[in-house]
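Grab a pencil and open your viewer. Try each task yourself before you read the worked solution under it.

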Amino acid sequence: MNRGRFITLEGGEGAGKTTAAAWVEAWLTGRGRRVVRSREPGGTPAAEKVRGLLLDPETGDLEPMTEVLLMFAARAENLARIIRPALARGEDVLCDRFTDASRAYQGGGRRLGIQVVNRLAALVHPDLQPDLTLLLDVPVSVGMRRVAGRGGDADRFERLKSEFLERVRAAYLTQARMEPDRIVVIDASLEMDQVKAQVIEALERRLA
Ligand SMILES: Nc1ncnc2c1ncn2[C@@H]1O[C@H](COP(=O)(O)OP(=O)(O)OP(=O)(O)O)[C@@H](O)[C@H]1O
Ligand SMILES: [Mg+2]
């Protein structure tokens, strides 16, 4: 049986990743694909506990290395229990954030550097990269406005200053320039239907 396809959604706070995930899932299931959804950090009971620690403002400051190791600890669980088994069954996996988020947030935002993240990726998933990554790109101010509009308390990352989030955005865009065959940049600042059209176009072009 052919391995399923591994699709990831990336972007800063409030870019529209979770909104786009529903469109991608519908597109895939409409073509008869079975789809497993996951998210990072998280995806399994233990990884969701690590997510709780990482997102809870009461956790306070962490060493950047601690933060990236926790991200990869959760990722190792998600890979072993959710992502790899589903791909092996021939199902597609759609994951809301993956290693590019570590490159952007811990590599860029926390200034650990991309090499640290790439070394951890080489250790944890040397054989597996996403087949397609949709990078939802918005100016930081737009994303923050959307997060605020959605309501609820801001998590540990949503509370970070805009300089941090600008570094995150820049790191994502750098990665996209380095891997144009894998990463498609979507202008997510537009109206919802225009964002959706770009997402569908990318799916048609890369996966149909
Ligand atoms: N193109 C758009 N125009 C206007 N509002 C949007 C657009 N896309 C999403 N939104 C709204 O912005 C908010 C954030 O979207 P969403 O939750 O999908 O973003 P996210 O990237 O998953 O955020 P987070 O980083 O917090 O997980 C939601 O209220 C959503 O309805
Ligand atoms: Mg989301």
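The exercises below go from the whole chain down to single residues, and the model they use is a predicted one.

**Exercise 1. Work out whether the radius of gyration of the protein chain agrees with that of a compact globule.**

Solution. Start with the length: the chain has 208 residues, and a compact globule with that many would have a radius of gyration near 17 Å. Next, take the value for the protein chain, 16 Å, which agrees. For the outline, the C-alpha atoms fill a box of roughly 45 × 40 × 35 Å along the principal axes. Then look inside: 40% of the 208 residues count as buried. Finally, take the contacts between residues at least 6 apart in sequence; 80% of them join residues at least 24 apart.

**Exercise 2. List the order of helices and strands in the protein chain.**

Solution. Count first: there are 8 helices and 5 strands. Now walk along from the N terminus, and you get β-α-β-α-α-β-α-α-β-α-α-β-α.

**Exercise 3. Check the span of helix α7, then find out how its buried residues are arranged around the axis.**

Solution. Helix α7 covers residues 162-178, so that's 17 residues. At 1.5 Å a residue, counting one less than the number of residues, the helix should span 24 Å, and its end C-alpha atoms are indeed 24 Å apart. Now pick out the buried residues of α7: Leu 165, Val 168, Arg 169, Ala 171, Tyr 172 and Gln 175. Seen down the axis, they fall within an arc of 160 degrees, so they line one face of the helix. Turn to the face pointing away from that buried side and you'll meet the exposed residues Glu 163, Arg 177 and Met 178. What covers the buried residues? The cover includes β1, α4, β4, α6 and β5.

**Exercise 4. Describe the shell around ligand 1: which residues are closest, and which helices supply it?**

Solution. There are 16 residues around ligand 1, and the closest are Gly 16, Lys 17, Thr 18, Thr 19 and Arg 146. Sort the shell by chemistry and you have 5 nonpolar, 6 polar and 5 charged residues. Then sort by element: α1 (17-30), α6 (140-150) and α8 (192-207) each supply at least two. The largest share, 4 residues, comes from α6.

**Exercise 5. Stay on α6 and place Met 144: which residues is it in contact with beyond its sequence neighbours?**

Solution. Met 144 sits in helix α6. It has 19 other C-beta atoms within 10 Å; buried would take 20 or more, so Met 144 counts as partly exposed. Leave aside neighbours within four places in sequence, and Met 144 is in contact with Glu 13 and Gly 14. Glu 13 is 131 residues away in sequence, yet the C-alpha atoms of Met 144 and Glu 13 are 6.5 Å apart.

**Exercise 6. Look at the backbone of Arg 97, Arg 111 and the bond between Glu 40 and Pro 41; what catches your eye?**

Solution. Keep the usual pattern in mind: most residues other than glycine have a negative phi, and most peptide bonds are trans.

- Arg 97 has a positive phi of about 75 degrees. Arg 97 lies in the loop between β3 and α4 and, with 22 C-beta neighbours inside 10 Å, counts as buried.
- Arg 111 also has a positive phi, near 65 degrees. Its loop runs between α4 and α5, and with 11 C-beta neighbours inside 10 Å, Arg 111 counts as exposed.
- Glu 40 and Pro 41 are joined by a cis peptide bond, with omega about -15 degrees. Pro 41 lies in the loop between β2 and α2.

Conventions
Residues numbered from 1 in each chain as written. Chains lettered and ligands numbered in written order. Predicted model: local features only at pLDDT ≥ 70, side-chain atom pairs only at ≥ 80, totals over all residues. Near = placed C-beta within 6 Å. Nonpolar A, V, L, I, M, F, W, Y, C, P; charged D, E, K, R; others polar. Buried ≥ 20, exposed ≤ 12 C-beta atoms within 10 Å, placed from the backbone. Arc of directions from axis to C-beta. Contact = placed C-beta atoms within 7 Å. Rg over C-alpha atoms; globule rule 2.2 N^0.38 Å.
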